[in-house]
2 protein chains.
Amino acid sequence: MTKVTRKKREIQQREEKILSVAQSLILSEGYHGLNMDRIAESLEYSKGTIYNHFPNKEEIILALGIRTMESRIELFRRGSEFPGLSRERLQGIGVASEIFARLYPHHFFLEQMIRISSIWEKASERRRQQFQSCEMQCMASVAKIVSAGVAENNLKLPEGFTPQDLVYGLWSLVSGAYSLAASNPNLAQLGINEPYSRVRLLANHLLDGFQWRPLSTDYDYSIVAEKVLHTQFLPELSRLEQLQFPLSR
Amino acid sequence: MTKVTRKKREIQQREEKILSVAQSLILSEGYHGLNMDRIAESLEYSKGTIYNHFPNKEEIILALGIRTMESRIELFRRGSEFPGLSRERLQGIGVASEIFARLYPHHFFLEQMIRISSIWEKASERRRQQFQSCEMQCMASVAKIVSAGVAENNLKLPEGFTPQDLVYGLWSLVSGAYSLAASNPNLAQLGINEPYSRVRLLANHLLDGFQWRPLSTDYDYSIVAEKVLHTQFLPELSRLEQLQFPLSR
DNA sequence: GTCAATTATTGACGTTTCGTCAAATCTGTC
DNA sequence: GACAGATTTGACGAAACGTCAATAATTGAC
């Protein structure tokens, strides 16, 4: 029924433009720098038109978060398709996670904002569910590999410890670390110089603590990471190199 | 010179009242629920008077964060005074951290807010430094114990890994986990039922991964935690029991 | 006790931003 | 080219921030 006319396409494209302007505003000037009048002015449309696309400011922010979340799911999917032992496959997700954090460092900023600034309450149910579903998909892909590790007999979880609990640990470690890195400009001042690559090492030590075999003391996972990078993430390589992506470090 | 008159004391006390009203507003209605008119109205003072105490809304929020941060430092100090091996003392901080998170669960909410909502930029240099100094004191107390572990020969850090890096890991894990728990009401839905006590277990596994002796597989740290609780945190015990604080679980 | 100087309080006001909606404009169809 | 329906516009009201001149209270010297 709904014919895709020139006008319809134009409207569709405008939605992208709104998000892109919103993103640059929010990144350069923070939460308060994003305002509807400025978006409208910058795109040379009236405010009413912007409100036709998004019923309020909060929805725009959530939409931005969903946009990067979708890229994250895709990266996680590709990472988890790396063939091998469970812990090697988890390495695949680790690399995906690191690539994600480097390509979209602002995401962690957005995510915190979404959780905090009453955005959640004001946004529509539909978008909220979309966001949560993204998050759950990511966590599920990790949980699946943890369960595989148990099934493979390479990982024994402690009494009363579920795969979800381990996912909680990994997730907390990674998101905590990236959030700190994203919002604390003076980590270096505290003696933390390469936050991104450190996270991978820390996560591996956590896995060692659970005796997930092969242990990182017996097996060089940085080689696995390198392999993951070249088999699963070729398309991203050049973009990453511009950012000086050092997996070996 | 500046005599402490009745009036001065009155003003001092009002500052406390402002913070307490602000806190309940922000907790019950989120970032947007906190507004200066409502604080003024609720305390039956005019807005101008509130502005005499705090030059803007952001300073109030930061002051709230500093207030809990100071309690945190105090808890950390007491925890780290627990006598014993380095890893036992770190357990002391772990317990302190867990007590803190249970007594002031809103702190992690505040902290994220401070990092995100342009609060940082708008607040005064003085308060910003105060906040950072609190944070650094906490991290330093952890770093000190890590270094002690190395000196004690119970911990060997990997090549190129500094004590600060391990602090970064612990800090990220703990703050990530508590932030998630504070802002994600449906962790249980994801299969994570006791976020607080899980964190301690996860952190201990991370330390095991670094081979910090004695390992938690050889030594029951929940007994240590119990002892810490009774020797270092007696005053808090009754308050915690009302919250059903299960260290053994 | 009085009074001038200092200090504290007030609330009306200007400003910014959100989100709305009736009126104006544009688009596609017959 | 006339008409219905979709789209766009921007003036408007509401809410909140932060200011400041005017007012009130307090203090301390005499």
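A:T68 is buried in this predicted model. Its relative accessible area is 5%, which is under the 20% cut-off for a buried residue. A:T68 is found in helix 4 of chain A, a helix that covers residues 57–80. The side chain of A:T68 makes a polar contact of 2.8 Å with the side chain of A:H107. A:T68 also touches A:F100, A:Y104, A:H106 and A:L110, with residues up to four places away in sequence not counted. A:H107 belongs to that list of touching residues too.

A:H230 presents another case. This residue is partly exposed, with a relative accessible area of 39%. That value lies between the 20% limit for buried and the 50% limit for exposed. A:H230 has its place in helix 11 of chain A, residues 221–232. The C-alpha atom of A:H230 is separated by 31 Å from that of A:K156. Along the chain, A:H230 and A:K156 are 74 residues apart.

The nonpolar core comes next. In soluble globular proteins, nonpolar side chains tend to be buried together. Here the largest nonpolar core holds 162 residues. Within this core, A:I39 and B:I39 touch the most other members. The contacts of B:I39 include B:I18, B:V21, B:A22 and B:L25, once neighbours within four places in sequence are left aside. B:L34, B:I50 and B:I60 are also in contact with B:I39.

The two protein chains were then compared. A turn of 180° and a shift of 0.0 Å along the axis lay chain B on chain A. The RMSD of this superposition is 0.1 Å. The two chains are therefore related by a two-fold axis. The same surface serves both copies, as 100% of the contact residues of chain B recur in chain A.

Both protein chains take part in the surface near DNA strand C. This strand is surrounded by 20 residues. The closest are A:N35, A:K47, B:R14, B:T49 and B:N52. Of the atoms of DNA strand C that come within 4 Å of the protein, 68% belong to sugar and phosphate. Several phosphate oxygens can be placed against single residues. One lies 3.2 Å from an N or O atom in the side chain of A:D37. A backbone N or O atom of A:K57 is 3.3 Å from a phosphate oxygen of DNA strand C. For a polar backbone atom of B:S46, the distance to a phosphate oxygen of this strand is 3.0 Å. Two or more residues of this surface come from each of helix 2 (36–43), helix 3 and helix 4 of chain A, and from each of helix 1 and helix 3 of chain B. By class, the surface has nine charged, six polar and five nonpolar residues.

DNA strand D has 21 residues around it. A:T49, A:N52, B:M36, B:K47 and B:Y51 come nearest. Sugar and phosphate make up 69% of the atoms of DNA strand D that come within 4 Å of the protein. A backbone N or O atom of A:S46 is 3.0 Å from a phosphate oxygen of DNA strand D. A polar side-chain atom of B:D37 lies 3.3 Å from a phosphate oxygen of this strand. B:K47 reaches a base: a polar side-chain atom of B:K47 lies 2.5 Å from a base oxygen of DNA strand D. Among the elements that each supply at least two residues of this surface are helix 1 (6–33) and helix 3 (47–53) of chain A. Helices 1, 2, 3 and 4 of chain B do so too. The surface near DNA strand D has ten charged, six polar and five nonpolar residues.

Technical notes. Residues numbered from 1 in each chain as written. Chains lettered and ligands numbered in written order. Predicted model: local features only at pLDDT ≥ 70, side-chain atom pairs only at ≥ 80, totals over all residues. Heavy atoms only, no water. Near = heavy atom within 4 Å. Polar contact = N/O pair within 3.5 Å; in protein donor to acceptor, adjacent residues only side chain to side chain. Helix = DSSP H or I, 4+ residues; strand = E, 2+ residues; numbered from the N terminus. Nonpolar A, V, L, I, M, F, W, Y, C, P; charged D, E, K, R; others polar. Least-squares fit on C-alpha atoms with pLDDT ≥ 70 in both. Contact = heavy atoms within 4.5 Å. Core = buried A, V, L, I, M, F, W, Y, C linked by side-chain atoms within 4.5 Å. Buried < 20%, exposed > 50% of the residue type's maximum accessible area, 1.4 Å probe, protein only.
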